[in-house]
Amino acid sequence: MPSLIRSRFTLLSVAALTALLTFGLVVLVDPPAADAQKKKILNVAAKEPETLDPHTSILGQTQAIKRFMYRGLTRFAIKDGKVTTAEVQPDLAESWTLSPDGTVWTFKLRKGVQFHKGFGELTAEDVKFSFERQINRVPGTRFGVNLEVIKSIEVVDPHTIQIVLKSFDAIFLLRMVGYQQGYIVSKKAVEKYGEQFKWNPVGTGPFYFERHSPREKIVLKAFDKYHAGRPQIDEVHWFDVPEDATKLIGLEKGTFDVLYPEAVTADFAGQVEKMGAVIDKRGPGQQERFYVNMTKPPFDDIRVRRAFMHAIDRKAIKETMYPGGLARLATSCVPPGYFGHIPMTFPEHDPEKAKKLLAEAGHPNGFTIKNYFISKSFFYPKVLTLAQEQLKKVGIIVELQVVEHATFHENIRKNLDPFVLYGGTRLPDADPWLSLFFDSKEIPDPATGNKGTNFAHYRAIDDLLVAGRLERDVKKRAAVYAEAQKRMERDLVCLPISDVAGQWARNPKRVSTPFDPDYGEFSLHYSYNYPEMLKVLN
Amino acid sequence: MLQYILRRVVVAVPMLFGAMSIVFFAMRILPGDPCVAMMGDQATTEALADCTKNLGLHRPLAVQYVDYLWRSVQLDFGNSLRQGYPVSEYIARMFPHTLVLVLSSAVVAALIGIPIGIVSALKRRSPLIDYPLRIIALLGLSMPVFWLGILLLIVFSLHLNVFPLIGGGDLDGVISMLKNGEAFSSPRDFLAAVGDVLHHLTLPALALGFTLAATVSRLSRSAMLEVISQDYIRTARAKGQVERAVIYKHAFRNMMVPLLTIIGLFVAVALTGTVLTETVFTRPGLGKMLVDAIGARDYPLAQGAITVFTMIIIFVNLTVDMLYAVVDPRITYR
């Protein structure tokens, strides 16, 4: 009978579906994660790092996870219960001395520091190797440029190392901090694994690498022999979660304990607050700013640049993007928290003045910028749409082409945008910062293949940059950079909008930190400077 | 038969070659540079130049193309630009995740789709059975998998909290336990790991399976309709066979020929479906890998993934053609 067959099929399919569902439920009732209750696991939601070799990547998530595994000779100081990026303290080095002529640094290494996975004790050889592989530009390494001040490195004994500089370097101890070029790797491990060191990382940090399931997660474990004591957290599970919305749901649901958002918006902050989580804010953070290409018409006319700046309402953009404490209105082209920063003044928001200046410069009806490229990622499209509206009011029409982030980067280096919106963080000192964004060597030029970041095409402070690097007197050095900022103020090449703190969301019921969430822990790598001090509660 | 297979394999070569060439050039026509994508905002001039050189991207395009083809012939797809893993190893690690997803959604689709198709064919135009079933099928067809996926996530994961939000479970662990024989020395752990994988699999399999079930049910309905109007069915009934035997023995088996075609189609559709499903459920797998690889301009990885996708589709189509002969003895290949 057909009805019999029918009912059989129906029964079969219903039974199978029920079985599938029940199985799912049964598994849930008897959680396989029984171990998880014993172990203290920190569940992190962030993007997936592309390498774990500390000397090779500049991506935020990669820099963030490196700090869990690696340390440097010095570290950012913990002072009065706060972490500051303005001072350093000993870490893998116990002490150091500087020769009277300011070119020879001698570091005494801490004894008994162990590398992960039985790679033995840290010696001066490892330190020499870590720096030299970068100076020699081993393929893939990126931070050699930050160590170019070094002339030679001598191993005095297994626990003493002498670094000779080409000339005095005011920020040398800052370069030695466990961050980018400062991380110390195991020489033996790098030699053993070669190219595959990137997935067989060996450092001296509080956590060691356990395994990587690509596109899913990375598991780190507490290092029993960490020189400052084993961390309280047993395991770190670093999940690959690209979407902020998914991260938030996971935080609310308890799947994740801390998250590294792509962008902190008012909406994001609101949701975090609503679910009872907190946002850990870290300075100096990143600055969002405009560079105006002073060589390309019509912006080669300073009146047009001034009009552009009068047209932009910085405060409105900052408040729309990051209301209240989520960011601070930027005060200089060198962010606060960087050595050498002084407040600058910028043309105030005044559309009428802007229109007048444009008319004077021969653009009474304004002008149109066709094919203005902007990244579709991060803060770029939002900030630019706000600016677009403001510019329109004075007659500057910007026709946006929203493109992939990679395309955006490609195009701004071809000088296709007459003004460039940009963000970023550097060593907190005016020298590396200004050198990258205002040194004439960094002017991007498709003809020569130069892919630098001096988008303003500025040439007026090269002499000050040279002078600043040679100056040993702290006050005089500060004066040099103050002068640089005054020249930029005069030439109107940069308009900073917001200084945005580095921010992670954290479930305080699950994870505690000893530092004040409100700028209590400064760091440079978008993440916790001292992840070993986090504690998983229950 | 053997000759036929050989001929098909030979024809597959230019097809594969074409797909590989298209993906090679399409990836490079896309604006954006892998180094810039990789290094983001903090890239310096020097670092970018270094990176381009290290990845061999400074060489002329023709050289890169020939190099790529020559290596692919030797089954060397290069290393992922971003993560440095050999592409073949990477794909091998991702493949099981996608395979279990495709298989389980195939099961779901077959379990839902075939019975619905058959029943609605047998009860054609019955307002109480056929119409509602056809509406369900229509619903499945018009619901995109990412929408259904999000819906399932919101209900079962977020509100009821019975299924995990992201991930694919410890499939790597299960596979290594099977490889090392640990599956039998610690069956408890093994079962827990398998359970975890299935737990993670349920929602994605349901989402993908349900959207595919619609196609399956519509096709099996029309296949069944065609079969039951054939002369041999009337003959079977005239012989006085019970209806159950008529349907099982005569109709169902003959219906399998068009259904096999569906399976071939299914794999192609399911593979593209995994791209969305894996993204929505944040599951590792070939689909998500491909999307990420294209976003990061990871040329070798994207090329490798497309090559593997093409090979799977060619292989499945060939297998389905072979199976026709098994199901229907009248079909022979020469």
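Where in chain A is the place of A:Asp80? I found A:Asp80 in the loop between strand 2 (74-79) and strand 3 (82-90) of chain A. I am working on a predicted model, and I kept that in mind for every entry below.

**Entry: positive phi**

I looked up the backbone of A:Asp80 and read a positive phi of about 50°, although the residue is not a glycine. Its surroundings are sparse by count: A:Asp80 has 6 other C-beta atoms within 10 Å and is therefore exposed, the limit for that class being 12 or fewer.

I then turned to B:Asn161, which is not a glycine either and has a positive phi of about 55°. B:Asn161 is in the loop between helix 7 (145-159) and helix 8 (171-180) of chain B. Buried or exposed: how does B:Asn161 count? B:Asn161 counts as exposed, with 12 C-beta neighbours inside 10 Å. I noted that this count is still within the class, because exposed takes in 12 or fewer.

**Entry: cis peptide bonds**

I checked omega in chain A. The bond from A:Gly283 to A:Pro284 is cis, with omega near -15°, and A:Pro284 belongs to strand 12 of chain A. The bond from A:Pro297 to A:Pro298 is also cis, with omega near 0°. I placed A:Pro298 in the loop between strand 12 and helix 9 (302-311) of chain A.

**Entry: strand 12 of chain A**

Since A:Pro284 lies in this strand, I followed its pairing. Which strands run antiparallel to strand 12 of chain A? One is strand 17 (residues 494-506) of chain A, joined to strand 12 by 11 bridges. Within that pairing I found A:Arg282 bridged to A:Gly502. Another is strand 16 (residues 419-422) of chain A, which pairs with strand 12 over 4 bridges. There A:Phe290 stands opposite A:Leu421. I also looked at burial: strand 12 covers residues 278-292, and 14 of its 15 residues are buried.

**Entry: a four-stranded sheet in chain A**

I traced an open, antiparallel sheet of 4 strands in the order 4-5-7-6. Strand 4 (93-98) and strand 6 (150-157) each have a single partner strand, so each stands at an edge with one side lacking a neighbour in the sheet. Direction ignored, neighbouring strands are turned by 20° against each other on average. I looked at one pairing in detail: strand 4 and strand 5 (residues 104-109) of chain A share 5 bridges in the antiparallel sense, and A:Ser95 is opposite A:Lys108. Helix 4 (residues 124-135) of chain A lies across strand 5, strand 6 and strand 7 (160-165), at about 165° to strand 6.

**Entry: A:Leu386**

I found A:Leu386 in helix 12 (residues 380-392) of chain A. A:Leu386 has 18 other C-beta atoms within 10 Å and is partly exposed, because buried would need 20 or more. Beyond four places in sequence, A:Leu386 is in contact with A:Ile317 and A:Thr320. I also took its C-alpha distance to A:Glu483: 32 Å, across 97 residues of sequence.

**Entry: chain B overall**

I counted 14 helices and 0 strands in chain B. The C-alpha trace spans about 85 × 55 × 45 Å along its principal axes. Of its 334 residues, 44% count as buried. Among contacts with a separation of 6 or more in chain B, 73% join residues 24 or more positions apart.

**Entry: the core and helix 13 of chain B**

I looked up the largest nonpolar core, which has 229 residues; A:Val44, A:Val292 and B:Ala305 touch the most other members. Helix 10 (residues 187-228) of chain B gives the most to this core, 20 residues.

Outside four places in sequence, B:Ala305 contacts B:Ile91, B:Leu286, B:Met289, B:Leu290 and B:Ala293. I went on to helix 13 of chain B, which is largely enclosed by the rest of the structure because 7 of its 10 residues are buried. Among them are B:Lys288 and B:Asp292.

How far apart are the axes of helix 5 and helix 13 of chain B? I read 8 Å, with an angle of about 130° between helix 5 (residues 87-122) and helix 13 (residues 286-295). That makes the two helices of chain B oblique to each other. The residues of this contact divide into 5 nonpolar, 2 polar and no charged. Those from helix 5 are B:Ile91, B:Met94, B:Phe95 and B:Thr98, and they meet B:Leu286, B:Gly287 and B:Met289 in helix 13. Last, I noted that B:Arg297, which follows helix 13, has a positive phi near 55°.

Definitions and conventions: Residues are numbered from 1 along each chain as its sequence is written. Chains are lettered from A and ligands numbered from 1 in the order in which they are written. This is a predicted model: local features need pLDDT of at least 70, side-chain atom pairs count only at pLDDT 80 or more; totals for chains, interfaces and linings use all residues. Two strands pair if DSSP finds at least two bridges between them. A nonpolar core is a set of buried Ala, Val, Leu, Ile, Met, Phe, Trp, Tyr and Cys residues joined through C-beta atoms within 7 Å. Two residues are in contact if their C-beta atoms, placed from the backbone, lie within 7 Å. Axes are lines fitted to C-alpha atoms, for helices over the stretch in contact, and angles run from 0 to 180 degrees between N-to-C directions. Angles under 35 degrees count as roughly parallel, over 145 as roughly antiparallel, 65 to 115 as roughly perpendicular and the rest as oblique. Ala, Val, Leu, Ile, Met, Phe, Trp, Tyr, Cys and Pro count as nonpolar, Asp, Glu, Lys and Arg as charged, and the others, Gly among them, as polar.
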